[in-house]
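Visitor: I would like a close look at a single part of this protein, namely one of its pockets. Please take me through what lines it, and then through the helix packing and enclosed space elsewhere in the fold.

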Amino acid sequence: MSNTGSTASAPDPRGAHPVPRLALTAGDPAGIGPDLLIAMARQRGQAQRVAIADPGVLEARAHQLGESLRLVPFDPQRPREPTPAHTLEILPVPVAVPVVAGTLNPANAEHVLALLAKAADGCLDGTFEAMATGPVHKGVINRAGIAFSGHTEWLAERAEAPTPVMMLATETLRVALVTTHLPLRAVPDAITAERLEAVTRVLHHDLRRDFGIDEPVIAVCGLNPHAGEDGVLGREEIEIITPTLDRLREAGMHLRGPLPADTAFTPRALEGVDAVLAMYHDQGLPVLKHAGFGGAINVTLGLPFIRTSVDHGTALDLAGTGRAEVGSFQAAERLAETLAARAAARAAASRSISGT
């Protein structure tokens, strides 16, 4: 997969500091999110790490794991510097009821969403340059009576972003989705020409701006087996997908497809491709997670701030055991730092051009 290139882009107000300040949310307190934050703190960060969590939960989990952890109250006025080892700056958000590692409790659902709100609002007001999120459990949030389909949709609503795009990435593969957390029977109706065009435009724009790819090449999967096989297996390709891609090609985008999904991910098909656009969640993500589970990163495109996340769930059976693997959260943090640095460079270039 191609990942080269650099391009000038529109001025970007995000990331105006040489040491980025990252908001790291703990996710569901009963899951492995607290474990991952504690594990990440073992080594000195390149950024200023601000954990958004209940400090009591982190301290109790560190004790359970036999880990050394120092929590420093977050002060946005303090000079920025990389966070020392075995230390996290803490922006406290209390849980509603005591936490038992590995045992979900709907009473703490509001706490989980409050973590996201603190991080997102801090990104919007410039307190943070980026956020990296620990895993949440959609089921327990919904059992608490709160409609929640996932980070992507919730953050988009919070930020009033019209077209959030979920993309997962490894070192060799990027997969974005036209639809995200929908029942399979609802997918065809959700794939409209308007949505496909909007998602493709966001993907193309953010690959150029955030990933520095001059002319992104995007491979687009069909919806149906064999990409509809000339209408024999479905007409979405003929009536919606192909006409939309043709319009975008005329606008200058480099798009391949619609491609049969069963061959779109072969090495030959991926040659020269910067990202694959899949029509639905389980069309694209099983391939990506097979290729890089535990080290892949979830990135939300189309937001007015940088958000990365882990590629896995709460892993309740691993919470508090010391067996949780921190690789995906570390990768999410590194990508957040990289994207924040690129945004800082764009902001500096914009100031230089404008003479301010």
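Guide: In this predicted model, the second largest pocket has a lining of 20 residues, and those lying nearest its centre are Lys138, Met166, Asn298, Val310 and His312. The space in this pocket amounts to about 290 Å³. Two helices and two strands each give two or more residues to the lining, namely α5 (151-159), α11 (281-292), β6 (165-169) and β12 (306-309). Of these, α11 gives the most, with three residues. Sorted by class, the lining of the second largest pocket consists of nine polar, seven nonpolar and four charged residues.

From the pocket one can follow α5 to its packing against another helix. The axis of α5 comes within 10 Å of that of helix α3 (residues 109-124), and the two cross at roughly 50°. At that angle α3 and α5 are therefore oblique to each other, and their crossing is right-handed. On the side of α3 the residues that meet α5 are Leu113, Leu116, Ala117, Ala120, Asp121 and Leu124, while α5 contributes His151, Trp154, Leu155, Arg158 and Ala159. Eight residues of this contact of α3 with α5 are nonpolar, one is polar and two are charged.

A second helix pair can be described in the same terms. Helix α7 (residues 193-209) and helix α8 (residues 236-250) have axes that come within 9 Å and cross at roughly 40°. Because of that angle, α7 is oblique to α8, and the crossing of α7 and α8 is right-handed. The contact is formed from Ala193, Leu196, Glu197, Thr200 and Arg201 on α7, together with Ile240, Ile241, Thr244, Arg247 and Leu248 on α8. By class, the contact of α7 with α8 has five nonpolar, two polar and three charged residues.

As for enclosed space, the structure contains two cavities of 30 Å³ or more, and the second largest cavity has a volume of about 40 Å³. The residues lining this second largest cavity are Ala26, Gly27, Pro29, Pro34, Ala53, Asp54, Val57, Leu58, Val95 and His111. Seven residues of that lining are nonpolar, two are polar and one is charged.

Definitions and conventions:
Residues are numbered from 1 along each chain as its sequence is written. This is a predicted model: local features need pLDDT of at least 70, side-chain atom pairs count only at pLDDT 80 or more; totals for chains, interfaces and linings use all residues. Side-chain values use heavy atoms; hydrogens and water are left out. Axes are lines fitted to C-alpha atoms, for helices over the stretch in contact, and angles run from 0 to 180 degrees between N-to-C directions. Helices (H or I, at least four residues) and strands (E, at least two) are DSSP runs, numbered from the N terminus. Angles under 35 degrees count as roughly parallel, over 145 as roughly antiparallel, 65 to 115 as roughly perpendicular and the rest as oblique. A crossing is left-handed if the near helix is turned anticlockwise from the far one by less than a right angle, and right-handed if clockwise. Contact means heavy atoms within 4.5 Å. Ala, Val, Leu, Ile, Met, Phe, Trp, Tyr, Cys and Pro count as nonpolar, Asp, Glu, Lys and Arg as charged, and the others, Gly among them, as polar. On a 1 Å grid over the protein atoms alone, a cavity is a set of points where a 1.4 Å probe fits but cannot get out, and a pocket is an open set with protein on both sides within 12 Å along at least five of seven lines; lining residues have an atom within 4 Å of a point. Grid points are joined across faces, edges and corners, and a volume is the space filled by probe spheres set on the points.
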